[in-house]
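Okay, hi everyone, thanks for making room for me today. Please have a look at the sequence and the structure on the screen, and then I'll walk you through them.

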Amino acid sequence: VQLQASGGGLVQPGGSLRLSCAASGSIGSINGMGWYRQAPGKERELVAVITSAGSTNVAYADSVRGRFTISRDNTKNTVYLQMNSLKPEDTAVYYCNAGATSGASYVITYWGQGTQVTVSS
């Protein structure tokens with residue numbers, strides 16, 4: 001599976017951005033996609049995940065819940081991350097990922113390249 005992320009950039013605090021990640025290849029092996037991010041000097045952290053194993057489930061980091069929305073267009077094999085009310089602390093490289101559920105867990109198998117999001121005035 002290959003993942004192509006896009007949509008990062010520079011935005012002022014309070015602004016919005018939408019990230020996209022298109023999957024190609026053996027997509028039948030995955031039923032989940034998501035986003036992690038890594039800020040300078042910090043560990044990579046979960047942002048949001050969407051899985052479809054019978055029903056669609058989403059999960060968000062506490063720091064973004066209510067501001068970010070993850071969605072998936074199965075016809076385009078693409079996952080989106082709509083980011084609103086952006087804060088300077090959201091500045092990071094955002095990485096798309098894909099994987100499959102195993103019981104209650106989401107196991108990441110594939111990573112895309114990162115896309116830089118910078119929130120600054």
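**Two sheets and a pocket**

Let's begin with one pair: Leu-3 has Ala-23 in β3 as its bridge partner. Before I go on, please keep in mind that this is a predicted model.

So, where does that pair belong? Strand β1, residues 2-6, and strand β3, residues 17-24, pair in the antiparallel sense, and five bridges hold that pairing. Now look at the side chains along β1. Which of them are buried? Leu-3 and Ala-5 are buried and point to one face, while Gln-2, Gln-4 and Ser-6 point to the other face and are not buried. If you are new to this, here is the background: side chains in a regular strand alternate between the two faces of the sheet.

Now zoom out a little. β1 and β3 belong to an open sheet of four strands, in the order β1-β3-β8-β7, with antiparallel pairing. At the edges we find β1 and β7, residues 68-73, and each of them pairs on one side only. Ignoring direction, neighbouring strands in this sheet are turned by 15 degrees against each other on average.

Let's go over to the β7 side. β7 runs antiparallel to strand β8, residues 78-83, and six bridges join them. If you want one pair to find on the screen, Thr-69 stands opposite Gln-82 in β8. The hairpin of β7 and β8 has four residues between the strands, and there Asn-77 takes a positive phi near 50 degrees.

Okay, next sheet. How many strands does this open sheet have, and in what order? It has six, ordered β2-β10-β9-β4-β5-β6, and the pairing is mixed. β2, residues 9-11, and β6 stand at the edges with a single partner strand each, so one side of each has no neighbour in the sheet. From one strand to the next, the twist averages 25 degrees.

Inside this sheet, strand β9, residues 92-102, pairs with β10 in the antiparallel sense over 10 bridges. One pair to look for is Tyr-95, which stands opposite Gly-114 in β10.

While we're on β10, let me show you Thr-115, which lies in that strand. Is Thr-115 buried or exposed? Its relative accessibility is 11%, and buried means under 20%, so Thr-115 counts as buried. Leaving out residues up to four places away in sequence, Thr-115 touches Ser-6, Gly-7, Gly-8, Leu-19, Trp-35, Ala-92, Val-93 and Tyr-94. Take Gly-8 from that list: Thr-115 and Gly-8 are 107 residues apart along the chain, but their C-alpha atoms are separated by 5.4 Å.

For a contrast, try Gln-12, in the loop between β2 and β3. Gln-12 has a relative accessible area of 56%, and the cut-off for exposed is over 50%, so Gln-12 is exposed. Apart from residues up to four places away in sequence, Gln-12 touches Val-119 and Ser-120. There is also Ser-85, 73 residues away along the chain, with 9.5 Å between its C-alpha atom and that of Gln-12.

Last stop, the largest pocket. The space in it comes to about 200 Å³. Its lining has 13 residues, and Val-49, Thr-51, Ala-104, Ser-105 and Tyr-106 lie nearest the centre. Which strand gives the most to that lining? That would be β5, with four residues. At least two residues each come from β5 (45-53), β6 (55-60) and β10 (105-119). By class, the lining has eight nonpolar residues, five polar ones and no charged ones.

Let me finish on Thr-51, one of those residues nearest the pocket's centre. Thr-51 sits in strand β5, and with 9% relative accessibility it counts as buried. Setting aside its neighbours within four places in sequence, Thr-51 is in contact with Asn-31, Gly-32, Thr-56, Asn-57, Thr-101 and Tyr-106. Tyr-106 should sound familiar, since it was also in the list of residues nearest the centre of the pocket.

That's it from me, thanks for listening!

Key
Residues are numbered from 1 along each chain as its sequence is written. This is a predicted model: local features need pLDDT of at least 70, side-chain atom pairs count only at pLDDT 80 or more; totals for chains, interfaces and linings use all residues. Side-chain values use heavy atoms; hydrogens and water are left out. On a 1 Å grid over the protein atoms alone, a cavity is a set of points where a 1.4 Å probe fits but cannot get out, and a pocket is an open set with protein on both sides within 12 Å along at least five of seven lines; lining residues have an atom within 4 Å of a point. Grid points are joined across faces, edges and corners, and a volume is the space filled by probe spheres set on the points. Ala, Val, Leu, Ile, Met, Phe, Trp, Tyr, Cys and Pro count as nonpolar, Asp, Glu, Lys and Arg as charged, and the others, Gly among them, as polar. Two strands pair if DSSP finds at least two bridges between them. Axes are lines fitted to C-alpha atoms, for helices over the stretch in contact, and angles run from 0 to 180 degrees between N-to-C directions. Buried means under 20% relative accessible area, exposed over 50%, partly exposed in between (1.4 Å probe, protein chains only). Contact means heavy atoms within 4.5 Å.
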